[in-house]
Amino acid sequence: MAIEVKLPRQSEDNDESLITFWHVSEGDYIEKGQTLVEVQTAKAISEIEAPESSYIKEIKKLRGDTVKVDEVLVVLDTNTSAESDAELETAITVEELEKPQEVKPVVEVKATPRVKRLATQLGVDWQKVTPTRPDGKLTLEDIREAAGALNQPVVKEATPEKVVNQPVEQAEKKMRTVIAAPSVRKYAREHNINLEEIEALNPNGRVTKIDVDRALQANVEVSKSPLTDNEIIPFTGIRKVISNAMVHSKTTIPHVTHFDEAEVSLLVDHRQKTKAYFSEEDVKLTYLAYIVKALTKVLKKYPMLNASLDDQKDQIILHKQYNMGIAVDTERGLVVPVIKNADQKSLFDIAKEIQELSKKARDGSIKADEMSSGTCTISNIGSERGAWFTPIINAPQSCILGFGRIEKKVVVIDDAIEIRPVMTLSLSYDHRLIDGATAQKAVNEFKKLVHEPDLLLAY
């Protein structure tokens, strides 16, 4: 029976995914639950597994293709009978006569496409190889042993016009199974490194991040323009996903940004006194945790800031969940994990979740569901000593709050000039849903909460 494996929806806001890596080839036999392919969407990597034990009949989409939800990725064949084998493998019959009147039993020699490719690489006529398996199916080891017995160079077709001689060891090396952790595979793909071309330092053949870094230093797969020394970098992967999202948001949402400052001396003191207690639990208390807490309370008071617009149905959706996206800068680009139900969590819980999600985002292990269902987003450039900026709304959300560095400035307190720590604020909002007066009231409420952290944490 043929089974079509389609691309499932990986993100509420995105109907497309990028195929980043196939774990199987046509003709392979795979077990139920085995990973078929890795896809990238919403800046996260997801694995799609085989629904049943079956053969890979036909791969419909190639690595690097952009696929829409419900498009067929691969066709499986669960029929493992001789009739199915005839479709997946080429079979020949070898007949030998021991006696003029007696015919030996027929032996069917079968080879999967992967076995045939290796045979071609090693210059072996697979139809003349005796299989070791009782069912007549050739294995990769059968081909390797036959190639070793031939003890001759391999002839491989490199181009239609050019033939290259290649030793058996090199051909086997090209066809070898690469041993590497999923995180290493992702790291290699993000840097356009082909793992099959890397020589592992580990004696057991396992490729590590160190091996990938060595390849990067050697400029593997880095191309140069024929006319200049400019480096050419493919515009793919997460950077392309970010680009598409930013263009969509900026071209469909009328952005307006309010800039302001908040005096936060009490907030600085509160964090300084509290962070030691958090450290005892191995949790780092950052200003971002306070920002999440304060903005959540602002959204409750001004629900239009926690809304989204459905253009197709002409409906405004006022979300009752307060799911705060936090923009995290990684080597792969900007990633936005989401703290779900932030209104139900303490400052400690929020700080701990920020720490865990940020770590996952930076090491590439974050899952798609940990980056979905956000209702509002926070962007922090204060850690990079930035101040004001114009953050782009994460569609279909209605606003995004950016905050910059905290630095000492001259301020007027009760008609007296003092030096106090001040935080810079930038609120971008969808002017279709939020008026300027509402946006400024929300900013004022936020300033009050971070100015009085005891008030922020009192309820």
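Which residues does Met 1 touch, not counting residues up to four places away in sequence? Select Met 1 in your viewer and have a look: the contacts are Leu 76, Asp 77, Thr 78 and Asn 79. Keep in mind throughout that you're looking at a predicted model.

**Stop 1: the start of the chain**

Stay with Met 1 for a moment. Met 1 sits in the segment before β1 (2-6). At 62% relative accessibility, Met 1 counts as exposed. Now add Ser 54 to your selection. Met 1 and Ser 54 are 53 residues apart in sequence, yet their C-alpha atoms are 9.2 Å apart in space.

**Stop 2: zoom out**

Show the whole protein chain as a cartoon. You'll be looking at 12 helices and 28 strands. The chain has 459 residues, and 43% of them count as buried. Among contacts with a separation of 6 or more, 58% are between residues 24 or more positions apart.

**Stop 3: a six-stranded sheet**

Next, find the open sheet whose strands run in the order β19-β28-β27-β26-β22-β25. The pairing in this sheet is mixed. Where are its edges? The edge strands are β19 and β25 (338-339), and each pairs on one side only.

Now select residues 399-413, which make up β27, along with its partner β28. These two strands pair in the antiparallel sense over 13 bridges. To see one of those pairings, pick Ile 413: its bridge partner in β28 is Ala 416. Strands of a sheet pair through backbone hydrogen bonds, so switch those on if your viewer can draw them.

**Stop 4: a hairpin**

Move to residues 307-310, strand β20, and residues 315-318, strand β21. They pair in the antiparallel sense over four bridges. Click on Ala 307 and look across to Leu 318, which stands opposite in β21. Four residues lie between the strands of this hairpin, and Asp 314 takes a positive phi near 55 degrees.

**Stop 5: helix α8**

Select residues 265-279 to light up helix α8. This helix has 15 residues and reaches 22 Å from its first C-alpha to its last, close to the 21 Å expected at 1.5 Å a residue. Look along α8 to Lys 273, where the helix bends by about 30 degrees.

Which residues of α8 are buried? Colour Ser 265, Leu 267, His 270, Arg 271, Thr 274 and Phe 278 to see them. An α-helix has 3.6 residues a turn, so residues three or four places apart point the same way. The buried residues of α8 pack against β19 (255-263), α9, α10 (347-363), β28 (416-430), α11 and α12 (453-456).

**Stop 6: charged pairs**

Show the side chains of Lys, Arg, Asp and Glu. A search of the whole structure finds 16 salt bridges. Start with Glu 445 and Lys 301, whose side chains meet in one of them at 3.2 Å, N to O. This pair links distant parts of the chain: Glu 445 belongs to helix α11 (residues 436-451) and Lys 301 to helix α9 (residues 287-301), 144 residues apart. Glu 445 is buried, with a relative accessible area of 11%, whereas Lys 301 is partly exposed at 49%.

Next, select Glu 407 and Arg 405, another salt bridge, at 3.1 Å, N to O. Glu 407 counts as partly exposed at 24% relative accessibility, and Arg 405 is partly exposed too, with a relative accessible area of 22%.

Then try Arg 420 and Glu 418, which meet at 2.6 Å, N to O. Add Glu 263 to the selection: salt bridges that share partners join Glu 263, Glu 418 and Arg 420 into one network. Glu 418 is partly exposed, with a relative accessible area of 28%.

**Stop 7: two cysteines**

How many disulfides does a search of the whole structure find? Zero. Select Cys 376 and you'll find that the nearest cysteine sulfur, that of Cys 399, is 3.5 Å away. Why is there no bond here? The sulfur of Cys 399 is 3.5 Å from the one in Cys 376, which is too far for a bond, because a disulfide needs the two sulfur atoms within 2.5 Å. Are these cysteines buried or exposed? Cys 376 is buried, with a relative accessible area of 0%, and Cys 399 is buried, also at 0%.

Terms used
Residues are numbered from 1 along each chain as its sequence is written. This is a predicted model: local features need pLDDT of at least 70, side-chain atom pairs count only at pLDDT 80 or more; totals for chains, interfaces and linings use all residues. Side-chain values use heavy atoms; hydrogens and water are left out. Buried means under 20% relative accessible area, exposed over 50%, partly exposed in between (1.4 Å probe, protein chains only). A salt bridge is a side-chain nitrogen of Lys or Arg within 4 Å of a carboxyl oxygen of Asp or Glu. The expected span of a helix is 1.5 Å times one less than its number of residues. The bend at a residue is the angle between axes fitted to the seven residues ending there and the seven starting there. Contact means heavy atoms within 4.5 Å. Two strands pair if DSSP finds at least two bridges between them.
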